[in-house]
Amino acid sequence: MLRRRLVPLLAAALFALVGAPIATAPQAAAAVSPHAVTTVYYDASQAPDLADNITEAVQIWNDSVQNVRLVAGGPADVTISEGYGGGSYTIPEGLGAGEVYLDLQQAQEYNPTRIVAHELGHIYGLPDNYDGDCSILMSGHSAGTGCQTTHPSAGEAAQVDANFAGGFRAARLPAVYQGCFDRSPARQRA
Ligand SMILES: [Zn+2]
């Protein structure tokens with residue numbers, strides 16, 4: 001997270017260093033964006049079975065929002081792991097950081113890319129919304145195993161862009177998002 005905060009400072013320092021030459025090279029000045037996109041680095045090395053779904057979900061999010069993007073690499077802000085049982089969940093560590101756990105058992109019942117995209121939605125600060133609406137990502141299990149929606153709705157994408165409109169910032173988030181793809185809340189604690 002430290003590196004992410006340093007980027008604007010480095011950019012400002014670079015600009016100061018090359019400020020004079022830029023005056024004679026307008027094309028270089030155009031590359032300096034007034035609103036830097038927040039880059040969130042992730043490590044999915046502990047989720048090899050769902051690697052393709054993770055790549056797909058990352059691409060979907062990167063195509064859907066403008067103010068934040070996910071990039072594989074480190075030091076990772078987000079670690080993604082997988083295992084059998086327990087239910088998929090996300091433990092946020094502030095906006096744009098945290099741990100994602102993917103339940104391979106649930107990935108056999110639900111669209112696995114939808115599961116990944118949903119958990120990444122939590123990383124971006126979206127809460128669960130179990131209203132059964134398959135047109136959104138955050139409805140999770142409530143939309144049923146047949147729901148194949150893997151893209152955020154326009155509303156969900158707009159909320160994420162709003163969350164990151166000021167770059168990285170502290171946010172009040174729950175300790176954990178869980179029960180995302182459990183068929184019944186009673187299974188959460190099994
Ligand atoms: Zn969830």
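**Confidence.** I began with pLDDT in this predicted model. The protein chain averages 84, and 76% of the residues score at least 70. I then looked for the weak stretches. Residues 5–33 stay under 50, and the model gives them seven contacts beyond four places in sequence. Residues 185–190 are also below 50, with six contacts beyond near neighbours in sequence. I leave the details of such stretches alone, because predicted coordinates should not be read in detail where pLDDT is low.

**Overall layout.** I counted seven helices and five strands in the protein chain. Along the sequence I read the pattern α-α-α-β-α-β-β-β-β-α-α-α. The chain has 190 residues, of which 35% count as buried. I also looked up contact range. Among contacts with a separation of 6 or more, 65% join residues 24 or more positions apart.

**The sheet.** In what order do the five strands stand? I found β2-β1-β3-β5-β4, an open sheet with mixed pairing. β2 and β4 (89–92) are at the edges; each has a single partner strand, so one side of each lacks a neighbour in the sheet. From one strand to the next, the twist averages 20°.

I took a closer look at one pair. β1 and β2 run parallel, paired over five bridges. Tyr41 sits opposite Val71 of β2. α4 packs on the sheet here, where I see it touch β1, β2 and β3. The direction of α4 makes about 155° with that of β2.

**The loop after β2.** I checked the peptide bonds and noted a cis one. It joins Gly74 and Pro75, with omega about 0°. Pro75 belongs to the loop between β2 and β3.

**The core.** Which residues have the most contacts inside the largest nonpolar core? I list Ile54, Ile80, Leu102 and Val116, in a core of 37 residues. Next I asked which elements supply it. Those giving two or more residues are β1 (38–46), α4 (51–64), β2 (68–72), β3 (78–83), β5 (98–103), α6 (112–123) and α7 (154–163). α6 gives the most, with five residues.

I followed Ile54 outward. Setting aside neighbours within four places in sequence, I find Ile54 in contact with Ala44, Ala47, Ile80 and Val116. Ile80 and Val116 are thus on both of my lists.

**Helix α6.** This helix earned its own entry. α6 lies across β3, β4 and β5 and runs at about 160° to β5. I tested its length. Twelve residues at 1.5 Å a residue should span 16 Å, and the end C-alpha atoms are 17 Å apart, which agrees.

How many of the residues of α6 are buried? I get twelve of twelve. Polar and charged names appear in the buried list, including Thr113, Arg114, His118, Glu119 and His122. Nonpolar ones are there too, among them Ile115, Val116, Leu120 and Ile123.

What do these buried residues pack against? I noted α4, β3, β4, β5, α5 (104–109) and α7. Last, I looked just past the helix. Gly125 follows α6, and its phi is positive, near 90°.

Note on methods: Residues are numbered from 1 along each chain as its sequence is written. This is a predicted model: local features need pLDDT of at least 70, side-chain atom pairs count only at pLDDT 80 or more; totals for chains, interfaces and linings use all residues. A nonpolar core is a set of buried Ala, Val, Leu, Ile, Met, Phe, Trp, Tyr and Cys residues joined through C-beta atoms within 7 Å. A residue is buried if 20 or more other C-beta atoms lie within 10 Å of its own, exposed if 12 or fewer, and partly exposed in between; C-beta atoms are placed from the backbone. Helices (H or I, at least four residues) and strands (E, at least two) are DSSP runs, numbered from the N terminus. Two residues are in contact if their C-beta atoms, placed from the backbone, lie within 7 Å. pLDDT is the predictor's confidence in each residue, from 0 to 100. Two strands pair if DSSP finds at least two bridges between them. Axes are lines fitted to C-alpha atoms, for helices over the stretch in contact, and angles run from 0 to 180 degrees between N-to-C directions. The expected span of a helix is 1.5 Å times one less than its number of residues.
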